[in-house]
Every structure is written in structure tokens, then in C-alpha cells.
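I opened my notebook and the structure side by side. These entries record what I looked up.

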Amino acid sequence: MTEPTALNVATRVRDYVNESLGFTETEVEAIMSEIRGRGDRLMTLFLTCHAVAAILLANFYDTWLLAIGIAGISVAMFRVSVALLPGHFFTRCISGIAMQSFVALHIYQLHGMPELHFFFFTGFTMMLVYQDWLCLWPGALLIIGQHLFFAILHNTGSPGFFFAESYVSFTKLFFHFGIGLLHVGICGCWAVLMRRQTLQFARHETDLREATGRAEEATQAKSAFLAMMSHEIRTPMNAVMGMTQLLLDTPLNPEQRDYAESVKKGSDGLLTVINDVLDFSKIEAGKIVIHPQPLNLYVLLSEVVELLRSGARQKGLSLGLEYSDDTPHNFAGDVGRIRQIAVNLVGNAIKYTDSGRVDVRVSVENCGLEEIVTIAVADTGIGIAEEAQPLLFQEFSQLDSRSSRKYGGTGLGLAISKRLAELMGGEIGVVSRIGEGSTFWLRLRLPLTVAVPVKNKEAVRGSYPILNARVLVVEDNAVNRRVAVACLTKLGCVTETADNGLAALRMWRAGHYDMILMDCQMPEMDGYETTIAIRSEEPHGRRIPIIAMTAHVLPGAHEACLAAGMDDYISKPIDFGQLAETLRQRAPQLPSDTAIKMLS
């Protein structure tokens, strides 16, 4: 068995370091190749600076020929090596030899002044850019050989001036070389530590990329799961809520109506939970976008109060809006998100208040280009302990299990409201004491805007147009088809149904329809494919309105429908008012005697 050489020992140590960091030799080479390329570029700069220094020193000591010769040969030798063997060990050795050639030249040009030995130390320190201890030794051996050669010439009476002393002793050379080798050893250890640190950083980056990749995969899987669950839950929810509403529109005895209204309340509560979970998922994924637009804050809050008044009345609570006459009404903000937060705060106040009143108060303070708008919801409810208040705006947290059992909820509403407020550049908070009620406040910075036209709600409340349109309903769920047909019949539409995209395509080719209500997720041919097929076949100038009627509500669903060629989008469970308004906008122009008819 052969004795292990120093190079074999170094190789084993290197392999051990690589394996301890979880890298193969190929991976290490890929990492270090970038370091070596950068080292070549820096070394080119260093050598160029040394060449300039050599020329400047030649002007003082008349060593022009030597300076130009060594500078030209050293730089050219290194650049040729870089061109032929980029990143190679041989090139790194050449860089060390070129660097130490300049060191020897500078010391010679300055007549061996001891102070100029700092060139030697800085030369080896510059070699650390390669993070390779082995490439230091060729340059070190060059300097040792040069000093020995010059010492022999000096001691034998050569006319060249190499050292300050008349005779160079062995002891002087021994200490000279000892100090030099010590410095090379220190730089070598430093190079090993730098290389290991580089590999550690690379390991951390690799682990971070892998963790990020796993997190992205988990997020995508969660989004896909939520999309599937949303669709699968909303589809039967549409049937439950639609049929319940149709049942409530029929003559019922008091007991039957009470049962049906209980079903409706339960389904409304379940839909709220589903929407909260989906909203939270969208916020986590960063897919909530704020859309500022002109809004009338007084009208918005009045609608919120009106919407929740019946719930307050059932609990015997007084619900009011305090909005002074001198307070501005018109701002620019995200109408939907402000309404969502207001509904959540007022709804919570009603939920947790058993007696007394709930008041919505608005104050506005000017702060330059924007107004500080504060919406406060004060109640006379159970109140909240000071130590429990920070938990209110955390995800999935409630005060205690008793309140959860008594009042219900997911613990997401306030967390979502806080996230939305922050996305709009605002904040949300609470002031409360046990037994004295609570005041939740939302503070936003909103610019003033021009007056927003206000619709006369009294003229349109509970009234819907008679459309007299022929509509093709494409829906694979039988109960949902019945719900859609019943809603369309109330709007005066004549309907035909298809249970998949292929059947819808055949019926569209054979018949004449004014509009198509298209489900998106169906067997055989889905709504996207069916829409694309219809758009490719329909005559120019005779575009039939196609309205998506789908349980897909996650970000991108609306855009996907429009990209397939659909004209509008209605989410399930279907809101009858939204359906009527959407159909009215997309319906063909009707004769004047029927267009003004309304269904109450």
C-alpha cells in the first residue's frame, strides 16, 4: 500500500467537506466555476494595476526595459491562459506566478527595501479571490527561487543591486522564507475557510429554493383544493338556496314558512363561512387587488345599516347611523372592500349584543391631500377584556369556546377586515371594557372626489324587468337547472336546457336563442370549450350573449370566462337581483311597449 501524499490528504479533506455539506463534486465545480470566473476578472484588474505601478517606478530608477518586459509577459501570459483554459487550475497557477513576478520586480526596482515586502503579502492576499489554497504555492516557490538566485548573485559580487546588505546570510534567508511561508499558510487557511463559507451559502440558497418550491407547490395544491371544494360546495348550495327562495315565494302556512326561513338562514350562514375562508386564502396568496373608485360613503353605510336592520330588529336592538350634515360624502376608495369591512363590524356588533343599541358613527379629519375617515361601530354588548383584545384580529381565534358555541363564526371576519384595511393603507382597532360594550373603528386615508350619482332605490327595490327573451340554460346539475329555469321564468323568459356542452352546441346550431347561461364545469365538453366552439362558428355580426353561471369564484375564474369568449359572469349561489340585472344588460333590445314592464 502506497503512503498517502499531501495531495491525496488534501483531496480526502476536500471530499469530506463537500459530503458534509451535501454536495457532489460536480455540484461543487458548478458553484466554484462562478467564483473562478470572477477571480479571473479581478486578477486582470490587479495585474493591470501592478503593470502601471511598474512603469511608474521605472521612471525613477531607470528600469524601463525590465518593467516593460516583465509587465508585458506576465499580463499576456495570464490573459492567454484565461482565453485557453478559463477557470482551470493551471490558469490560477499562472495568475499566482504573474502576481509574484510583479512583486519581485517592484522589490528589485526599489533596491530591496524591507518596507516594500508588503507587495509580497498583498500579492498573496489578492490570490484569495480564487478561494483555492493550492494555487498559492507556484507563486511562493517562484519568490523563494528568485530570492535564492539573487542572493547567490549578490554574494558572488554580481554588479546588480539586489540587497541592502553586503552579504546575505543563510539565517537571513531562513527567516525571510519562514515569514513568507507563514503568510502563505495563513492565506491558505483563509482560502479554505472562504471556500467552505461559499459552499455553506450555496447550501443555504439551495435549501431555501427547495423550501420555496415546496411552499409554492403546497400553495398551488391548497389553491387547487380550495377551488375544487368551492365548486363542489357552491353547486349544491346553489340548489339549496335557490329552491329555498323559490319555496318562500309560494303560499305557505306559518309553520312551513318558519321551517323554510330557518333553512335560508342556515344556508346564508354557511355561505358566509365559505366566503370568509376563500377571502382569507386570496389574501394569503396576495391576490386581493384594491380598486379605488368614486363612492358616496353616506349611501354606502346607509345600505349596510338597511341590510342588517332586520337582524337587529329580531334581537330587539336599535341600529342607527350618525353622519353629520357637514361631513363630506364623496371619496375615492374601494367600495366593495369598505362595504365588506362595515358589514363585518356591524354584523359582529349585532351578534354580540343582546340588548341596547348599535350605532355607526362617521368622522372626517382633513390632513392635506387626503381625509382621515373614521368609521366607528359602537355597541352595548358583552364587552371584551383588555388582555383578550389582541387576539381579536388574529386568524381563527375567538375569545373562548363558550362564545364560539353561543354566537358561532370562524374567527376569520376580523382578521380579514384587518388585512383589507392594511391593503387600503388604513388600520382597524377596538376600545372595549367588560360589561360596557365595545367600539370597533376603521380608519382610512381617502381623497375627496366629485359627487357620486345616487340611484333612487325606492323606484327599483323589489322590481325586475320582463325580458321576453329565449334563453338556453346549459347546466349538468338537474336541481340547478330547475333553479335557473324558475328564476328565468319569473323574468318572463322562455327557456330550454342542455345538460352538457355537446348537447348545447347541437341545440345552438339547430335553434335560435337570445342568450345562453353557461355552466363552466361539465362532462363531455365544458363551458369554456363550448363557448370557443360557438364563437368560431357564429356568423359575423351576430354574436350571442353567453353568460357564465359557475361555482368557480377564486381569482382568475372571471378572467378565464372572458378569455374563452363569454360576455359576463354570475357566481353560484345565484343572486336573483344580480341575475336579473345582468340579463337586462345583455338582453337584445326589446320593443318599447315591453321594455318598461316590471315584475314586482
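**Entry: phenylalanine 90**
I began with phenylalanine 90, which lies in helix H4, spanning residues 89-109. I was working with a predicted model. Is phenylalanine 90 buried, exposed or partly exposed? I found a relative accessibility of 45%, so phenylalanine 90 counts as partly exposed. I then looked for nonpolar residues on the surface with it. Val80, Leu84, Leu85 and Phe90 make a nonpolar surface patch of about 390 Å².

**Entry: leucine 141**
Next I went to helix H6, residues 137-155, where leucine 141 lies. Leucine 141 has 57% relative accessibility, so I noted it as exposed. The cut-off for exposed is over 50%. I also checked leucine 141 against isoleucine 97. They are 44 residues apart in sequence. In space, their C-alpha atoms are 8.8 Å apart.

**Entry: aspartate 519**
Where does aspartate 519 lie? I found it in the loop between strand S11 (515-518) and helix H16 (527-537). I looked up its accessibility too. The relative accessible area of aspartate 519 is 1%, so this residue is buried. Buried means under 20%.

Which residues is aspartate 519 in contact with, leaving aside its neighbours within four places in sequence? I listed Val474, Glu475, Asp476, Gly527, Met549, Thr550 and Lys572. With lysine 572 there is also a polar contact: it joins the two side chains at 3.5 Å.

**Entry: cysteines**
I searched for disulfides and the count came to 0. Why is cysteine 187 not bonded to cysteine 189? The sulfur of cysteine 189 is the closest cysteine sulfur to that of cysteine 187, but it is 9.4 Å away, so the two are too far apart for a bond. A disulfide needs the sulfur atoms within 2.5 Å. Seen from the other side, cysteine 189 is in no disulfide either, and its nearest cysteine sulfur is that of cysteine 187. I checked the burial of cysteine 187 as well. Its relative accessible area is 1%, so cysteine 187 is buried.

**Entry: the whole chain**
Last, I stepped back to the protein chain. I counted 19 helices and 14 strands. The chain has 600 residues, and 43% of them are buried. I noted an accessible surface of about 31,900 Å². Carbon and sulfur atoms hold 61% of that surface. I also looked at contacts with a separation of 6 or more. Residues 24 or more positions apart account for 72% of these contacts.

Terms used
Residues numbered from 1 in each chain as written. Predicted model: local features only at pLDDT ≥ 70, side-chain atom pairs only at ≥ 80, totals over all residues. Heavy atoms only, no water. Buried < 20%, exposed > 50% of the residue type's maximum accessible area, 1.4 Å probe, protein only. Helix = DSSP H or I, 4+ residues; strand = E, 2+ residues; numbered from the N terminus. Polar contact = N/O pair within 3.5 Å; in protein donor to acceptor, adjacent residues only side chain to side chain. Contact = heavy atoms within 4.5 Å. Patch = residues over 30% accessible without salt bridge, like charges linked within 9 Å, V, L, I, M, F, W, Y side chains within 5 Å. Areas by Shrake-Rupley, 256 points an atom, 1.4 Å probe, with all protein chains shown as cover. Salt bridge = Lys/Arg side-chain N within 4 Å of Asp/Glu carboxyl O.
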